[in-house]
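This report goes through one predicted model, from its helices to its surface and its charged pairs. The sequence and structure come before the text.

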Amino acid sequence: MSEKQKKASAYWKENLRYLVILLIIWFLVSYGAGILFKDALNNIRLGGFKLGFWFAQQGSIYVFVILIFVYVRLMNKLDKKYGYNED
């Protein structure tokens, strides 16, 4: 395996690791907070609404948008680390 292939393989493995971590976070927020843990979260109110309801309706969407920005930042760092940036 050439050095270029090793570098590409390491880049892809790190990229997949980021994706898995971010998708787990999104799953925990959307499914976990909105469905599994909603009864416990409903004891807390946010803006007059129960927190479990809020996560099910809007919170998971906000977290997803934040995770997109986190992924972009992580990928920019990863691109620089492996020399794939366009600068």
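## Terms and basis

Helices (H or I, at least four residues) and strands (E, at least two) are DSSP runs, numbered from the N terminus. This is a predicted model, in which local features need pLDDT of at least 70, side-chain atom pairs count only at pLDDT 80 or more, and totals for chains, interfaces and linings use all residues. Residues are numbered from 1 along each chain as its sequence is written, and side-chain values use heavy atoms, with hydrogens and water left out.

## Annotated spans

UniProt, in an unreviewed entry, lists residues 16-37 and 52-72 as "transmembrane region". UniProt positions are given in the numbering used here, feature names are shortened, and annotations may be inferred rather than shown by experiment. Residues 16-37 are 95% helix and 0% strand, with end C-alpha atoms 28 Å apart. For residues 52-72 the figures are 100% helix and 0% strand, and the end C-alpha atoms again lie 28 Å apart.

The unreviewed entry in UniProt also places "domain: Sodium symporter small subunit" at residues 9-84. That span is 84% helix and 5% strand, and its end C-alpha atoms lie 13 Å apart.

## Helix α1 and its cover

Helix α1 has 34 residues, which should span 50 Å at 1.5 Å a residue; the end C-alpha atoms are 46 Å apart, which agrees. The expected span of a helix is taken as 1.5 Å times one less than its number of residues.

Which residues of α1 are buried? They are Y11, E14, N15, Y18, L22, V29, G32, A33 and G34. Buried means under 20% relative accessible area, exposed over 50%, and partly exposed in between (1.4 Å probe, protein chains only). The cover over these buried residues includes α2 (38-41) and α3.

## S60 and F53 in helix α3

S60 is found in helix α3 and counts as buried because its relative accessibility is 12%. Leaving aside neighbours within four places in sequence, S60 is in contact (heavy atoms within 4.5 Å) with W26, V29, S30 and F55. Of these partners, V29 is among the buried residues of α1. W26 also lies in α1, but with 32% relative accessibility W26 counts as partly exposed.

F53 is another residue of α3. Its relative accessible area is 42%, so F53 is partly exposed. F53 and F27 are 26 residues apart in sequence, and their C-alpha atoms are 16 Å apart in space.

## Nonpolar surface patch

A nonpolar patch on the surface is formed by W12, L16, L19, L23, W26, I61, F64, V65, I68, F69 and V72, with about 1000 Å² of accessible area together. The elements that give two or more residues to the nonpolar patch are α1 (3-36) and α3 (51-82). The largest share, six residues, comes from α3.

Patches are made of residues with over 30% relative accessible area and no salt bridge; like charges are joined within 9 Å, and nonpolar side chains (Val, Leu, Ile, Met, Phe, Trp, Tyr) within 5 Å. Accessible areas come from the Shrake-Rupley method with a 1.4 Å probe, and for residues only the protein chains shown count as cover.

## Salt bridges

How many salt bridges are there? The count is three, where a salt bridge is a side-chain nitrogen of Lys or Arg within 4 Å of a carboxyl oxygen of Asp or Glu. Side chains of opposite charge can pair when their charged atoms come close. One salt bridge joins D39 and K38 (3.0 Å, N to O). D39 is exposed because its relative accessible area is 55%, whereas K38, at 34%, is partly exposed. Elsewhere, salt bridges that share partners join E14, R17 and K81 into one network.

Within that network, E14 and R17 meet at 4.0 Å, N to O. E14 and R17 are three residues apart in helix α1, so about one helical turn separates them. An α-helix has 3.6 residues a turn, so residues three or four places apart point the same way. R17 is partly exposed, with a relative accessible area of 46%. E14 also forms a salt bridge with K81 (3.2 Å, N to O). This pair links distant parts of the chain, with E14 in helix α1 and K81 in helix α3, 67 residues apart. E14 counts as buried at 13% relative accessibility, while K81 is exposed, with a relative accessible area of 56%.
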